[in-house]
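Visitor: Could you take one small stretch of the backbone, look at it closely, and then explain how it sits within the rest of the chain? I would like a careful reading that keeps the geometry in view.

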Amino acid sequence: MKKWLSIISLIIVFLCVFFLYTLKPENVNEHRMVNKERITFWAYSPGLLKIADQFEKENPDVRVVKKLLKNSTILLEELYAAQSAGNSPDIAEIPSWYGIAPLIESDAILPMDEYLTTEFQVEMPKSIAKRFLLDDVLWAIPLNYEIPILYANDAILSHDQVSLEKINSFSKLLEMGEKLEHPNVKWAINADNLYPWYIENLNEGSEKTVASLIDEYEEILFHMNHMALTQFVNGEGAVLLSSSGKMQLIEKLIGSRFKWSMRLFPVAPENIIPNGNGIVILKNEKVRSDYTRQFLRYIQEEDQLKTLAMEQSLIPANMRLIKNEKFHNFYRHFPGYQKMLIESLKAEGQFLRKDNEAEWKMILHANENKE
């Protein structure tokens, strides 16, 4: 009898140990992870992945599988490849200048109107919304945007008695560049790799095509350099044509080396064409509409838009937030930029066109030929 009791006891102990082993924390966690709803999300803005992490914490039933790409160009290349392979993410960040038209034409993305919150729709600046509108359909939710800015090395300009404030037209900018005679300056005006966007801003409101504008006014093809920002912060240039999104980076890199200033690119505020980022939903079998909507609503909240904008020196796609005093105070040491924020609301913008990518590459090619 004692022998049987011992055997039964051993069996019970074994079963208890086995049962407890199956309930190890890591196994429980693995089980929970497997049963979570998944959203795959690709982005090139690190701030968006931080928002996705916070969304996961607040929504334990959802797992956001994130992929960070180095820049928008690489993201578009991988997105097109994934689409061809039938392995697209559920949601992806998208640049406003070009790249979205091929996705629309291939029926790869969903219209976004029904994913907008009522509040976001009311406060969304129309100028950046236009960059994702085609045939009266909104194909991406705009999150933020930037505007073109002139950054000036004040020490260099003052040597030739030039003030950035007096450069109130593009012709005066070119005139300044021709006359500048500072002995230590390698170049007077330089532009970074968003150069085609700056040229497009000159053409807004004109019936001429960019191609004819370049042929007629060849001088607009001033130097574009991928090292332009680095050279500027090293004190080798007078004026840098760049974007508002580079403001905090430029401040950090210059430090106290020299005094610098900035002003809006010399075009009428209403003629500004914003450049920004948005979110698209890819058509695939994995899309979970309820969780996708929940995630997109979360991104559209003012707190998320404000955090994202301040982190990257971008302008949030929310008019009320742009006018908000607390948001302005974040840039209190940039009073000129505070004014530019309001000026950006006057922009009419430009509708998305299917030939945007071809035009972008044409401008780059024209500049390379001149060089």
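**A loop and its surroundings**

Guide: Asp-107 lies in the loop that joins α5 (100–105) to α6 (118–123), and everything said about Asp-107 here refers to a predicted model. The backbone at Asp-107 has a positive phi of about 60°, although Asp-107 is not a glycine. That is worth a second look, because most residues other than glycine have a negative phi. Is the residue buried, partly exposed or exposed? Asp-107 has a relative accessible area of 48%, so it counts as partly exposed, a class that runs from 20% to 50%.

A second aspartate makes a useful companion. Asp-136 is also a residue other than glycine with a positive phi, near 65°, and Asp-136 is placed in the loop between β4 (133–134) and β5 (137–138). Asp-136 counts as exposed, because its relative accessibility is 76% and the exposed class begins over 50%. Positive phi values also turn up just after two of the helices: Gly-255, with a phi near 60°, follows α13, and Ser-313, with a phi of about 55°, comes just after α15.

From the loop, one can step back to the helix that precedes it. Helix α5 spans residues 100–105, and Ile-100 is one of the three residues, together with Phe-41 and Tyr-337, that touch the most other members of the largest nonpolar core, a set of 112 residues. Helix α3 (residues 46–58) gives this core its largest share, five residues.

Within α3 one finds Phe-55, which is buried, with a relative accessible area of 1%. Setting aside residues up to four places away in sequence, Phe-55 touches Val-62, Val-64, Tyr-291, Gln-294, Phe-295 and Tyr-298. The C-alpha atoms of Phe-55 and Ile-299 are 8.8 Å apart, while 244 residues separate the two along the chain. Such pairs fit the chain as a whole, where, among contacts between residues at least 6 apart in sequence, 75% join residues at least 24 apart.

Tyr-337 opens a view onto another part of the model. Apart from neighbours within four places in sequence, its contacts are Ile-149, Ser-244, Met-247, Met-262, Ser-313, Leu-314, Ile-315 and Tyr-331. Ser-313 is thus a contact of Tyr-337 as well as the residue with positive phi just after α15. Met-247, another of these contacts, is one of the buried residues of α13 (residues 247–254), along with Ile-250 and Ile-254. Seen down the axis of α13, these buried residues fall within an arc of 65°, so they line one face of the helix. What covers them includes β7 (148–153), α12 (228–233), β9 (237–243), β10 (260–264) and α18 (335–344).

The strands β7 and β9 serve a second helix too, since the buried residues of α9 pack against β7, α8 (154–159), β8 (187–191), α10 (195–203) and β9. In α9 (residues 170–179) those buried residues are Phe-170, Leu-173, Leu-174, Met-176 and Gly-177, and they sit on the same side of α9 because they cover an arc of only 155° around the axis. The face turned away from that side carries the exposed residues Ser-171, Glu-178 and Lys-179.

Finally, α12, α13 and α15 are among the elements that each supply at least two residues to the lining of the largest pocket. This pocket holds about 1,200 Å³ of space and is lined by 40 residues, with Asn-71, Ser-72, Asn-193, Leu-194 and Lys-246 nearest its centre. The lining divides into 16 nonpolar, 17 polar and seven charged residues. Strand β6 (141–146) is another of the contributing elements, and within β6 lies Pro-142, which counts as buried because its relative accessibility is 0%. The contacts of Pro-142, leaving aside neighbours within four places in sequence, include Phe-120, Met-124, Asn-277 and Gly-278. Of these, Phe-120 brings us back to the loop, for its number falls within α6 (118–123), the helix that follows Asp-107.

Key: Residues are numbered from 1 along each chain as its sequence is written. This is a predicted model: local features need pLDDT of at least 70, side-chain atom pairs count only at pLDDT 80 or more; totals for chains, interfaces and linings use all residues. Side-chain values use heavy atoms; hydrogens and water are left out. A nonpolar core is a set of buried Ala, Val, Leu, Ile, Met, Phe, Trp, Tyr and Cys residues joined through side-chain atoms within 4.5 Å. Buried means under 20% relative accessible area, exposed over 50%, partly exposed in between (1.4 Å probe, protein chains only). Helices (H or I, at least four residues) and strands (E, at least two) are DSSP runs, numbered from the N terminus. Contact means heavy atoms within 4.5 Å. The arc is that of the directions from the helix axis to the C-beta atoms. On a 1 Å grid over the protein atoms alone, a cavity is a set of points where a 1.4 Å probe fits but cannot get out, and a pocket is an open set with protein on both sides within 12 Å along at least five of seven lines; lining residues have an atom within 4 Å of a point. Grid points are joined across faces, edges and corners, and a volume is the space filled by probe spheres set on the points. Ala, Val, Leu, Ile, Met, Phe, Trp, Tyr, Cys and Pro count as nonpolar, Asp, Glu, Lys and Arg as charged, and the others, Gly among them, as polar.
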